[in-house]
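Me: I'd like to go through how the labels on this fold are justified. Can you take me through the reasoning?

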Amino acid sequence: MKATPTVRAEKARKIIIADDDNFSRRLTQRILEKAGYEVTAVENGCLALDRLSDACAPRLALLDWVMPGLDGPAVCRAIRARREAPYLYIILLTSKESKADLVAGLEAGADDYLTKPCHPDELMARLRTGQRIIDLQDRLIHDARHDSLTLLPNRTGFLDRLRQ
């Protein structure tokens, strides 16, 4: 039973950055790696969506709004259209500052919105918030599939496993 939180913590430290600006992408990557994240950096939305479709994809994503191929909001909509995948916490990172843009980004499926250039401490605080939300969701799923007294799989967990 104790192995599950360790696996979750390792997976949780993964993050994807999608930004077509090489300087911004590399700077953000350096900040996150210094903070202990395992970073996957891509230069467009199509590559981000492809990497996020993997079984062992990161659960945290920083997406630039304006990118070639798919933009950040389009990637958000595509991710939110999936039903079976684990929850992905998405932060849109952009130079767009209007309230209309913020609303459009959140309605596309983003969980948070940061304007460039963002302060590294603010970015890290928002990522910690995202991590807490992911951990809570994982805990709810675990609790729904396990007996609270014995911690053994319950009927729901058994049926889920049987379907797999």
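**Why these labels?**

Reply: Sure, and bear in mind that this is a predicted model. Let's begin with strand β4 (residues 89–94): six of its six residues are buried, so the strand is largely enclosed by the rest of the structure.

Me: What makes the residues of β4 count as buried on both sides?

Reply: Buried means under 20% relative accessible area. Y89, I91 and L93 point one way, I90, L92 and T94 the other way, and all are buried. As for why they split like that, side chains in a regular strand alternate between the two faces of the sheet.

Me: How do you know that β3 pairs with β4?

Reply: Pairing takes at least two bridges. Strand β3 (residues 60–64) and β4 are joined by five and run parallel, so they pair by that rule. L60, for one, stands opposite Y89.

Me: And what joins β4 to β5?

Reply: Four bridges, again with the strands parallel. T94 sits opposite T115 there.

Me: Why is β2 called an edge strand?

Reply: The open sheet has five strands, in the order β2-β1-β3-β4-β5, with parallel pairing. β2 (38–42) and β5 each pair on one side only, and these are the edge strands. The twist averages 20° from one strand to the next.

Me: Which helices complete right-handed β-α-β units with β4?

Reply: Helix α4 (residues 72–81) does so with β3 and β4, and helix α5 (residues 99–107) with β4 and β5. The label right-handed applies because, with the strands pointing away from the viewer, the path over the helix runs clockwise.

How values were computed
Residues are numbered from 1 along each chain as its sequence is written. This is a predicted model: local features need pLDDT of at least 70, side-chain atom pairs count only at pLDDT 80 or more; totals for chains, interfaces and linings use all residues. Side-chain values use heavy atoms; hydrogens and water are left out. Buried means under 20% relative accessible area, exposed over 50%, partly exposed in between (1.4 Å probe, protein chains only). Helices (H or I, at least four residues) and strands (E, at least two) are DSSP runs, numbered from the N terminus. Axes are lines fitted to C-alpha atoms, for helices over the stretch in contact, and angles run from 0 to 180 degrees between N-to-C directions.
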